[in-house]
Each structure stands twice: as C-alpha cells, then as structure tokens.
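Notebook open, model loaded. I want to go through the strands, the helices and the charged pairs one at a time.

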Amino acid sequence: MKIGFIGDIVGRPGRSMLEIHLRKLRQEFGLDLVIANGENASHGFGLCAQHAKELFSYGADILTGGNHSWDKKEIIPLLDVMPILRPLNYPQGVPGKGVSVLHVKEEKVAIINVMGHYGMPMVENPFLRAQKAVDELRAEGIESIIIDFHAEVTSEKRAMHMLLKGNVSAILGTHTHVGTDDLQIVDGTCYVTDVGLSGARDGVIGMDKAAPLKRFLTGLPASLEIPKKCKKILQMVIIEIEKGKCVEAFKLRVFDDQERIIARAVHE
C-alpha cells in the first residue's frame, strides 16, 4: 500500500495547496491513505470544524494534532466522532484519542499521534506511551503502524526512532514546520525528523515575518498572523509498505508555481 503524510498545514495558504493539489497527487501516486497534521490549519492556531471538513473534502483521510489541538474549542466534542487524533500521551479522560486503526486495502493500518516533552504542554512520557501502544497493536496482529511524533527537539524524535525502528512502518516528525533532509529507511521503518509545513514558504514557520522580526529585534510581544499574500508550498512524505515494512519512500515538495522537487529516502 502507498500512504501519503502531509506535515503541519498552516492556515489558508496550506489549505489552499491541498485544495489545488491533493486529489491529483492521490491519483498520480496511487495513494491508498492520506494522513495530514491539521493542528495549525485554522489561522495558524488549532483546527475548526469547517476547516476539518474542508481538508477531508480535499482528500485527507485522517488528521493528526499536537499542542494546538485544543485551541478551537468547537473541535473538542468532534474529536470523539470525526477521524481527528490528538496526542496519545495526554492524561486519561481527556477527549478524543491518540490511536486510530483503519482498514486499507483489506489490511489494518494504525496511526499513532504522540507529543514530545521539551517546550510542550505537560503530558505523559511519550516514549513509554508510544512503546505500550505499539506493543498492544502488534499483539493484535497489526503490522502497519504510522507515528506522527509532534515534538520540538530533534533529539527526542531521533531517540523515538532508535526505540521503535523495526517495529513500526514509519516515524514522521512534525511541529517545527522546517523540513529536514534526513529521510531514511532503517530496518523497515521510514524516518524523518520533520516533514515540514504546508503553507507560506516565504515567512517565518508559515507566518508573516513582521511579528517574529519585532519579537527578535525588540523583545516586545507581537501577534503572529498568516500572510495575506505569500509564496506557498505543500510538503508530503510518500511511503510504500509491504507486510508492515516500509520498502520505499520519498519526500515531495510542490510549489505554487507548479515546480516539484522529489528526494528519495536513503536505505540504511
């Protein structure tokens, strides 16, 4: 099976790139499942119900979250009824779920959403929770397991790879919005530290540059805003899985001027 994973969708520019390109990309690359991180899809902070429905209509099958999962209060009751995940390692009793099992081409595929510790809201140990979830899924006979690890620091993401390689199909990093060039396949596990944002590519992590520059130059607070005009990008990792093992993977970058760049994973 072939699965597409889209990094953090940031505001209207990110949503518009999915609207324009995703259906065509699904057909062109024969994608059986599309996972997308949607926690920044509504004005850069959180996900509202309308925009969730839009992303599904564009071709996303399931949306993952992170530290902004709770920003739009209207989405909270929908976490229990729509294919939207929030990080697994929030405490028991929090709305929603962090693991979803879907049927794809007569196979079960599990998606896990987990969040790191450093610089993030207080959550339970991501490594212990992820390991437990993977063990339980494999005990049920589920071999195809995709993890969205939403974390700030590269060390946490790399450590998760070291912990779970060979036992999951892919560990795909999100949150920093800046794509990394370390896409690789090790022991049947696809790994990249960060997929990178889908949205404005000529600002600062998808936001208009004015507020970040004011913060850095003066130390004064300034509200981050999605740029009204910008150059855009869609970033997606496409993986091919056989019997739970990733056998091929590549990173696709689509620019708003229709230019494309494809970088294939290194087999370690």
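My entries below go from the sheet to the helices, then to salt bridges and hairpins.

**Entry 1: the sheet**

First a reminder to myself that this is a predicted model. I looked up the open sheet and found seven strands in it, in the order S4-S5-S6-S7-S9-S8-S14, with mixed pairing. Which strands sit at the edges? I noted strand S4 (99-104) and strand S14 (266-267), each of which pairs on one side only.

Next I took one pair inside the sheet. Strand S5, residues 107-115, runs parallel to strand S6, residues 144-150, and seven bridges join them. As a register mark I wrote down Ile 111, whose bridge partner in S6 is Ile 146.

**Entry 2: helices on the sheet**

I then checked what lies against these strands. Helix H3 (residues 126-139) lies across S4, S5 and S6, and it runs at about 170° to S5. Helix H4 (residues 154-164) also packs on the sheet. I listed its contacts as S5, S6, strand S7 (170-174), strand S8 (184-186) and strand S9 (189-192). The direction of H4 makes about 175° with that of S9.

**Entry 3: H1 against H2**

How do helix H1 and helix H2 pack? H1 covers residues 11-29 and H2 covers residues 49-58; the angle is about 20° and the axes are 8 Å apart. That makes H1 and H2 roughly parallel to each other, as angles under 35 degrees count as roughly parallel.

I pulled the contact residues too. H1 contributes Arg 15, Leu 18, Glu 19, Leu 22 and Arg 23. From H2 come His 51, Glu 54, Leu 55, Phe 56, Ser 57 and Tyr 58. By type, this H1 and H2 contact has five nonpolar, two polar and four charged residues.

**Entry 4: salt bridges**

How many salt bridges does a search of the whole structure find? I got eight, and I followed up on a few.

Glu 54 and Arg 15 came up again here, since I had them in the H1 and H2 contact. Their side chains meet in a salt bridge at 3.4 Å, N to O. Glu 54 is in helix H2 and Arg 15 in helix H1, 39 residues apart, so I filed this pair as linking distant parts of the chain. Are the two buried or exposed? Both Glu 54 and Arg 15 are buried.

The next pair stays within one helix. Glu 136 forms a salt bridge with Lys 132, and their closest N and O atoms are 2.5 Å apart. The two are four residues apart in helix H3, which means about one helical turn separates them. Glu 136 is partly exposed at 40% relative accessible area, and Lys 132 is partly exposed at 48%.

Then I went to Asp 256 and Arg 201, whose side chains meet in a salt bridge at 2.8 Å, N to O. Asp 256 lies in the loop between strand S12 (245-255) and strand S13 (260-264). Arg 201 lies in the loop between strand S10 (199-200) and helix H5 (210-218). The pair therefore ties together parts that are 55 residues apart in sequence. Asp 256 is partly exposed, with 29% relative accessible area, and Arg 201 counts as partly exposed at 32%. I also noted Lys 232: shared salt-bridge partners join Arg 201, Lys 232 and Asp 256 into one network.

**Entry 5: hairpins and positive phi**

I looked at how S11 and S12 pair, and they are antiparallel over 10 bridges. Ile 233 stands opposite Phe 255 in S12. Their hairpin has two residues between the strands, and in it Lys 243 takes a positive phi near 50°. Lys 243 counts as exposed, at 72% relative accessibility.

S12 also runs antiparallel to S13, with five bridges joining them. Here Arg 253 has Ile 261 in S13 as its bridge partner. This hairpin has four residues between the strands, and Gln 258 takes a positive phi near 80° in it.

Last, back to the sheet for one more backbone check. Asp 187 has a positive phi near 55° and is not a glycine. I placed Asp 187 in the loop between S8 and S9, where it is partly exposed at 49% relative accessible area.

Notes: Residues numbered from 1 in each chain as written. Predicted model: local features only at pLDDT ≥ 70, side-chain atom pairs only at ≥ 80, totals over all residues. Heavy atoms only, no water. Pairing = 2+ DSSP bridges. Contact = heavy atoms within 4.5 Å. Axes fitted to C-alpha atoms, helices over the stretch in contact; angles between N-to-C directions. Parallel < 35°, antiparallel > 145°, perpendicular 65-115°, else oblique. Nonpolar A, V, L, I, M, F, W, Y, C, P; charged D, E, K, R; others polar. Salt bridge = Lys/Arg side-chain N within 4 Å of Asp/Glu carboxyl O. Buried < 20%, exposed > 50% of the residue type's maximum accessible area, 1.4 Å probe, protein only.
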